[in-house]
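Visitor: Could you take me through one part of this model up close, and then show me how it connects to what lies around it?

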2 protein chains.
Amino acid sequence: MTHPLLSRVPAFAILAAVAACSDLRPKPVAPQAVTSLPEILENSPAQDWRTPDPGDTLYMDLPSGRVVIELAPLYAPRHADNIRALVREGYFDGLAIERVQDNFVTQWGDADGKRAIGSASRTLASEFTRPLDGDLGAFTPLGSGDVYAPLVGFTAGFPVARDTRTKSTWLLHCYGMVGAGRDNDVNSGNGAELYAVIGHAPRQIDRNAALVGRVLQGMELLSSLPRGTGALGFYEKPEQRIPIVRMRVAADVPAAERTTIEVLRTDSPTFRAVIEQRRNRRDAWYKVPAGAVDVCNVPIPVRAIH
Amino acid sequence: MTHPLLSRVPAFAILAAVAACSDLRPKPVAPQAVTSLPEILENSPAQDWRTPDPGDTLYMDLPSGRVVIELAPLYAPRHADNIRALVREGYFDGLAIERVQDNFVTQWGDADGKRAIGSASRTLASEFTRPLDGDLGAFTPLGSGDVYAPLVGFTAGFPVARDTRTKSTWLLHCYGMVGAGRDNDVNSGNGAELYAVIGHAPRQIDRNAALVGRVLQGMELLSSLPRGTGALGFYEKPEQRIPIVRMRVAADVPAAERTTIEVLRTDSPTFRAVIEQRRNRRDAWYKVPAGAVDVCNVPIPVRAIH
């Protein structure tokens, strides 16, 4: 046996419509037409993909490369505005990644508390949830249950929960999501300290912090950093920190220097096929398709455009 | 604001008995006596902790330090026996970590397929589930729902699922769990290729691979490695691999060289308090306790003994 490996070669999928599912338990699924995830993506029509708005896209340039983040102004408009303002006044340039806590978050900002904020706001009213009203755009239900919320799915490229009882919706702390740190006061965050989830989804933070976006590219630059050995995973010595060369809004970057990528629309037929493919893996390696999928186990595909 | 951070300072917990919960939706919990996680652990009686059996404990020594793994012979007895045999014949010594796939697994073994297996078995009958019979020891139910299984909780220090309909039980692919790679044939694994989960729990693999144990210490040495850029996260160049200095069974190591740790018993009152603390975070930072917890978000505490 030369390579007994845990195969992650793309599997076969059921191309079936997603049905909202009130029973959270897995159930058997009858095999139908199947195809692999790369095939799903390769055969997708152009209109199922979108170019992220350069005004909502951030580049964080590290010595190791570029992290591309898409903001979520639909869910955190005040934070999105303030983070753009902070980025544009050069707030993050020369600051650093100061905290990497294993199976939790990588966090960056002003570790020494010496950087002055210019025109951006120092505090913001919290944006932990938003009203479930008409201007949210399409919601694609996951079609499987959830431990933390009554209903989960995807809106505008992000994993979200909905609660029709409280008429509210919120972003979810899945791997790669970016949030704004705060002190104990719910209104103390301003986007000047940001974190990205690098471990098992800490869903207990949902509705307790403002999620502001998602890492589209360069996640491995944040997840593979040495873990901090101080309390909460902070680096104990300033020289251990990873410097932020600069952060920019993509719209402010000359076209030739932009990272050209597309994101699969979460309200597209192709994305619904991706969900089904992840709910029931049917390639030769898998013997027992799960029949259910965790909302944080559905990838939201990103592709490079050349 | 000097340190607007995402607090992970331990919270307050409800010291209540865990009740099996058939409704998977979060529900309000009335505050009762509360305490923090460090307080729960500090005030725990000695009998709530156990020393892992040195015969079931593996040390994987890397240039960066030691990874301590506890085998799960209750769930994968054939794999545990074979891995001990492989370790004792020096099979892993000088082999390497060959694959690090972001948000998935770190895998080690014989990347070049040149290492001969001596007295250990080359193939094993699969151990993906085991019968739900009498000799399993205590089961501590999580008391919250699960997306992938009808009932989840903890047995003998590991996260597990139970299905009374099929009368079976199995280990769960939570962060830090260790499994045996295999080819497409379900009986092709032998423990000579091992992987550890380094991202969001890939629960779709449950019942599709033999989980063999859990990383008790040194997880950060596996999770912070550079991601491989080849297919499936394999390192493309041999020089990128991380060498395994040696693997040993703790029982074969002189007492003075052993890593002395204790693990909280998952059938103890203290562990039930930990579950409740994680289900409803009540320190000053958290404003909305979740009322539910994912089985993979409950830490199984390990402490150093000096």
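Guide: Let's start at the tail end of a helix: α2(B) is followed by B:Gly90, which has a positive phi, near 75°. Helices here are DSSP runs of H or I of at least four residues, strands are runs of E of at least two, and both are numbered from the N terminus. Before we go on, keep in mind that this is a predicted model, in which local features need pLDDT of at least 70, side-chain atom pairs count only at pLDDT 80 or more, and totals for chains, interfaces and linings use all residues. Residues are numbered from 1 along each chain as its sequence is written, while chains are lettered from A and ligands numbered from 1 in the order in which they are written.

Back to the helix. α2 of chain B covers residues 77-88, and its 12 residues should span 16 Å at 1.5 Å a residue (1.5 Å times one less than the number of residues). The end C-alpha atoms are in fact 16 Å apart, so the expectation and the model agree.

Now see which residues of this helix are buried. In α2(B) they are B:His79, B:Ala80, B:Asn82, B:Ile83, B:Arg84, B:Leu86 and B:Val87. Buried means 20 or more other C-beta atoms within 10 Å of a residue's own, exposed means 12 or fewer, and partly exposed is in between, with C-beta atoms placed from the backbone. What do the buried residues of α2(B) pack against? They pack against five strands of chain B: β4 (57-62), β5 (65-71), β13 (177-180), β15 (210-217) and β17 (246-249). Contact here means C-beta atoms, placed from the backbone, within 7 Å.

Step back along the chain to the loop between β5 and α2 of chain B, and you find B:Ala76. B:Ala76 has 27 C-beta neighbours inside 10 Å, so it counts as buried. Setting aside neighbours within four places in sequence, B:Ala76 is in contact with B:Glu127, B:Ala210, B:Leu211 and B:Val212. There's a long-range pairing here too: B:Thr129 is 53 residues from B:Ala76 in sequence, yet their C-alpha atoms are 8.5 Å apart in space.

Follow B:Leu211 from there. Leaving out residues up to four places away in sequence, B:Leu211 touches B:Ala72, B:Tyr75, B:Ala76, B:Leu171, B:His173, B:Met177, B:Val178 and B:Gly179. The largest nonpolar core has 147 residues, and A:Leu211, A:Val212, B:Leu211 and B:Val212 touch the most other members. (A core is a set of buried Ala, Val, Leu, Ile, Met, Phe, Trp, Tyr and Cys residues joined through C-beta atoms within 7 Å.)

That core names residues of both chains, which brings us to how the chains relate. Chain B lies on chain A with an RMSD of 0.0 Å after a turn of 180° and a shift of 0.0 Å along the axis (least squares on C-alpha atoms with pLDDT of at least 70 in both copies). The two copies are therefore related as by a two-fold rotation axis. Their contact takes 64 residues from chain B and 64 residues from chain A. On the chain B side, β7 (105-109) and α3 (219-223) are the elements giving two or more residues, and α3(B) gives the most, with three. Because 100% of the interface residues of chain B are also interface residues in chain A, the copies meet through the same surface.

For the wider setting, look at chain A, whose secondary structure comes to four helices and 19 strands. Of its 306 residues, 49% count as buried. Among contacts in chain A between residues at least 6 apart in sequence, 73% join residues at least 24 apart.

One last stop: backbone oddities outside the helix. Most residues other than glycine have a negative phi. B:Ala156 has a positive phi of about 55° although it is not a glycine. B:Ala156 sits in the loop between β10 (151-155) and β11 (158-163) of chain B, and with 19 C-beta neighbours inside 10 Å it counts as partly exposed. In chain A, A:Leu232 is also not a glycine, yet has a positive phi of about 60°. A:Leu232 is in the loop between α3 (219-223) and β16 (242-243) of chain A, and it is partly exposed, with 16 other C-beta atoms within 10 Å.

Technical notes:
Two residues are in contact if their C-beta atoms, placed from the backbone, lie within 7 Å.
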